[in-house]
Amino acid sequence: MKIVSFVAASSNSGKTTLIEKVVRILKERGLRVAVIKHASKGFAVDQPGKDSWRFREAGADAVMLVGPDEMALMKNISREPDLDDLAVMVQDIDVVLREGFKKDEGARIEVFRSGVSGDQPLCMNDRSFRALVSDVPFSVDIPRFDLNDAAAVADFIAAKL
């Protein structure tokens with residue numbers, strides 16, 4: 001299983017749009033793809049009044065929804081899961097794309113958008129990045145892809161990481 005994180009210095013850099021395109025391309029190539037999004041400010045999946053919401057409100061530590069074609073697990077956690085914890089949950093997957101997880105080590109691709117992400121990419125001062133995806137050219141020692149070239153990013157993920 002390959003695990004790749006897409007990170008950026010700030011929101012609205014284009015990470016989600018890029019990941020969405022890369023997922024489609026990798027799926028067309030027959031790969032099984034999972035996406036794990038880091039929600040640093042928390043999130044709400046359930047709708048008030050629905051059974052699963054009521055179970056959580058009643059104090060259940062975990063609630064799993066199972067349907068004919070999908071399932072979802074909501075679980076209280078005492079710490080944010082690490083990469084190994086998350087990988088166990090998606091064992092039947094070929095590629096895991098993570099959005100965020102900026103501070104985690106591992107295969108990270110930076111997404112940089114001019115006017116949004118600051119003056120220069122994070123990878124200019126951090127050699128641990130594997131690639132840069134940006135809407136403007138930068139001279140970097142790692143592969144750089146245009147923000148609109150999701151196919152090249154997908155090729156890189158499939159071949160290099």
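Let's start at the surface of this predicted model: strand E3 (62-66) and strand E4 (71-75) each supply at least two residues of a nonpolar patch. From there, we can move to the open sheet of 6 strands and to two helices that lie across strands, H1 and H4.

**The nonpolar patch**
- Four residues form this patch on the surface: Met64, Val66, Met71 and Leu73.
- Together they have about 440 Å² of accessible area.
- Met64 has its place in strand E3.
- With a relative accessible area of 46%, Met64 counts as partly exposed, because that class falls between under 20% for buried and over 50% for exposed.

**The open sheet**
- Reading across the sheet, the strand order is E2-E5-E1-E6-E7-E8, and the pairing is parallel.
- Strand E2 (33-37) and strand E8 (144-146) stand at the edges; each has a single partner strand, so one side of each is left without a neighbour in the sheet.
- From one strand to the next, the twist averages 20 degrees.

**A closer look at E6 and E7**
- Strand E6 (residues 108-112) pairs with strand E7 (residues 131-134) in the parallel sense, over 4 bridges.
- If you would like a residue pair to find on screen, try Glu110, whose bridge partner in E7 is Leu132.

**Helices across the strands**
- Helix H1 (residues 15-28) lies across strand E1 (2-7), E2, strand E5 (95-99), E6 and E7.
- The direction of H1 is at about 170 degrees to E5.
- Helix H4 (residues 150-160) lies across E1, E5, E6, E7 and E8.
- H4 runs at about 145 degrees to E1.

Methods:
Residues are numbered from 1 along each chain as its sequence is written. This is a predicted model: local features need pLDDT of at least 70, side-chain atom pairs count only at pLDDT 80 or more; totals for chains, interfaces and linings use all residues. Side-chain values use heavy atoms; hydrogens and water are left out. Two strands pair if DSSP finds at least two bridges between them. Axes are lines fitted to C-alpha atoms, for helices over the stretch in contact, and angles run from 0 to 180 degrees between N-to-C directions. Contact means heavy atoms within 4.5 Å. Patches are made of residues with over 30% relative accessible area and no salt bridge: like charges are joined within 9 Å, nonpolar side chains (Val, Leu, Ile, Met, Phe, Trp, Tyr) within 5 Å. Accessible areas come from the Shrake-Rupley method with a 1.4 Å probe; for residues, only the protein chains shown count as cover. A salt bridge is a side-chain nitrogen of Lys or Arg within 4 Å of a carboxyl oxygen of Asp or Glu. Buried means under 20% relative accessible area, exposed over 50%, partly exposed in between (1.4 Å probe, protein chains only).
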